[in-house]
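The exercises below are to be worked with the sequence and the coordinates side by side. Each one sets a task and is followed by a solution in steps.

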Amino acid sequence: MSKLSYLVQKATNETLDIIVNNYPGTKLLPNDLSLSKSLGVSRTTVRNVLDQLQSVDIIEKAGTAKKILRKPRKTDYFDLRNEPSSKEELIETFFLDLINTGKLLPGDMFSELDLAKRSGCNTITVREFLIKFSRIGLIKKNPRAQWQMVEFDEKFARELVDFRRILEMSSLSKLLEKTDDDPVWDELQQLLTDHRELLRNPERFQDLPHLDRRLHLAIQSSADNRFIRQFFDIVSFVCHYHYQWQKGDEQERNMVAVEEHIDLITKLLAKDIRGSIMSLENHLNTSRKTLMRSAHGLLE
């Protein structure tokens with residue numbers, strides 16, 4: 001499943017509020033046009049919202065009717081605490097969304113002007129962001145305000161996975177210190193349910209990157225550290241840069257990842273400190289081997 005844009009996530013949360021405020025009295029959602037006006041978004045965005053709500057069994061679409069099946073839970077909402085509050089954050093969110101959804105691939109060229117128009121930012125903001133992002137070596141500057149996506153090399157990949165291990169192990173200890181009423185436990189419980197559902201429906205393994213992102217975000221967000229959160233986007237981007245992955249053993253890799261996720265989440269929910277550390281260590285080792293093996297020409 002592709003990562004939903006910030007706009008779709010925000011509109012989804014607002015639609016959930018509409019359902020909550022009218023449940024159980026209202027059995028049907030308003031039509032697309034009414035929702036579009038209420039939310040202040042396009043009908044295309046509304047359709048994306050409805051697809052999301054149907055995927056988690058909150059509504060059922062039958063023709064033009066949208067039947068409400070259940071009352072939303074807290075875990076159905078997207079966490080927008082890190083919502084873009086400035087043009088700088090907006091372009092970063094937009095650019096990483098292009099990468100994570102495969103709309104920018106290795107070798108792709110793009111201009112500052114085009115990116116500015118599509119993101120709603122000015123070219124100065126875009127240029128400053130690209131210069132900052134280029135320092136990690138994944139995009140490069142070409143003449144006449146042109147930029148290009150590049151592949152990462154072995155040294156970059158090894159440095160990335162080593163640093164990821166440090167951050168996630170530190171964040172894990174913070175997560176295990178959370179009180180029982182912290183929302184992270186509800187999110188982990190929902191993640192466990194979603195992973196088990198995926199295991200029963202292997203044809204839906206395209207959903208794995210989305211679940212993987214949610215799990216590792218829950219872990220790293222527990223550190224409540226803005227620098228870790230910024231680094232998370234880079235790690236997520238590299239680890240899910242789907243053009244890097246060989247497709248031959250994709251389903252086998254996905255099955256292993258889901259089972260490792262389930263083991264980790266189960267131990268976290270049981271507050272098994274030693275077991276959680278060992279499970280995360282095992283999962284990070286598997287991820288490292290997968291990245292090294294599947295990225296272009298990299299060795300384990």
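**Exercise 1.** Locate Lys271 among the helices, describe its backbone, and decide whether it is buried, partly exposed or exposed.

*Solution.* In this predicted model, Lys271 sits in the loop that joins H11 to H12. The next step is the backbone, where Lys271 has a positive phi of about 55° although it is not a glycine. For the last step, the cut-offs are under 20% relative accessible area for buried and over 50% for exposed, with partly exposed in between; Lys271, at 32% relative accessibility, therefore counts as partly exposed.

**Exercise 2.** Treat Ala270 in the same way, and find how far its C-alpha atom lies from that of Leu176.

*Solution.* Ala270 also belongs to the loop between H11 and helix H12, which spans 273-294. Its relative accessible area is 56%, so Ala270 is exposed. Although Ala270 and Leu176 are 94 residues apart along the chain, their C-alpha atoms are separated by 9.9 Å.

**Exercise 3.** Assign Glu260 to its helix, then establish whether this residue is buried or exposed and which residues it contacts beyond its sequence neighbours.

*Solution.* Begin with the helix: Glu260 is part of H11, which runs over residues 250-269. Because its relative accessibility is 11%, Glu260 counts as buried. Once the neighbours within four places in sequence are set aside, Glu260 is in contact with Ser279, Asn282, His283 and Thr286. For one of these partners, Ser279, the C-alpha atom is separated from that of Glu260 by 7.4 Å, with the two positions 19 residues apart along the chain counted as their separation.

**Exercise 4.** Examine Asp224 and Pro24, and state what is notable in the backbone at each.

*Solution.* Asp224 is found in the loop between helix H9 (208-221) and helix H10 (226-239), and has a positive phi of about 50° although it is not a glycine. With a relative accessibility of 72%, Asp224 counts as exposed. Pro24 lies in the loop between helix H1 (6-22) and H2, and there the peptide bond from Tyr23 to Pro24 is cis, with omega near 0°.

**Exercise 5.** Work out how H2 is oriented against H3, and which residues make the contact.

*Solution.* Helix H2 covers residues 32-39 and helix H3 covers residues 43-55; they pack at an angle of about 105°, with their axes 9 Å apart. Angles from 65 to 115 degrees count as roughly perpendicular, so H2 is roughly perpendicular to H3. From H2 the contact draws on Asp32, Leu33, Leu35, Ser36 and Leu39, and from H3 on Arg43, Val46, Arg47 and Leu50. Sorted by character, the residues of this contact are five nonpolar, one polar and three charged.

**Exercise 6.** Carry out the analysis for H5 and H6, adding the handedness of the crossing.

*Solution.* The axes of helix H5 (residues 112-119) and helix H6 (residues 123-134) come within 9 Å and cross at roughly 115°, and H5 and H6 are therefore roughly perpendicular to each other. The crossing is right-handed. Glu112, Leu113, Leu115, Ala116 and Ser119 in H5 face Thr123, Val126, Arg127 and Leu130 in H6 across the contact, and the residues involved divide into five nonpolar, two polar and two charged.

**Exercise 7.** Place these details within the whole chain: how many helices and strands are there, and what share of the residues is buried?

*Solution.* The protein has twelve helices and five strands, and 45% of its 300 residues count as buried. Among contacts with a separation of 6 or more, 68% join residues 24 or more positions apart.

Definitions and conventions: Residues are numbered from 1 along each chain as its sequence is written. This is a predicted model: local features need pLDDT of at least 70, side-chain atom pairs count only at pLDDT 80 or more; totals for chains, interfaces and linings use all residues. Side-chain values use heavy atoms; hydrogens and water are left out. Helices (H or I, at least four residues) and strands (E, at least two) are DSSP runs, numbered from the N terminus. Buried means under 20% relative accessible area, exposed over 50%, partly exposed in between (1.4 Å probe, protein chains only). Contact means heavy atoms within 4.5 Å. Axes are lines fitted to C-alpha atoms, for helices over the stretch in contact, and angles run from 0 to 180 degrees between N-to-C directions. Angles under 35 degrees count as roughly parallel, over 145 as roughly antiparallel, 65 to 115 as roughly perpendicular and the rest as oblique. A crossing is left-handed if the near helix is turned anticlockwise from the far one by less than a right angle, and right-handed if clockwise. Ala, Val, Leu, Ile, Met, Phe, Trp, Tyr, Cys and Pro count as nonpolar, Asp, Glu, Lys and Arg as charged, and the others, Gly among them, as polar.
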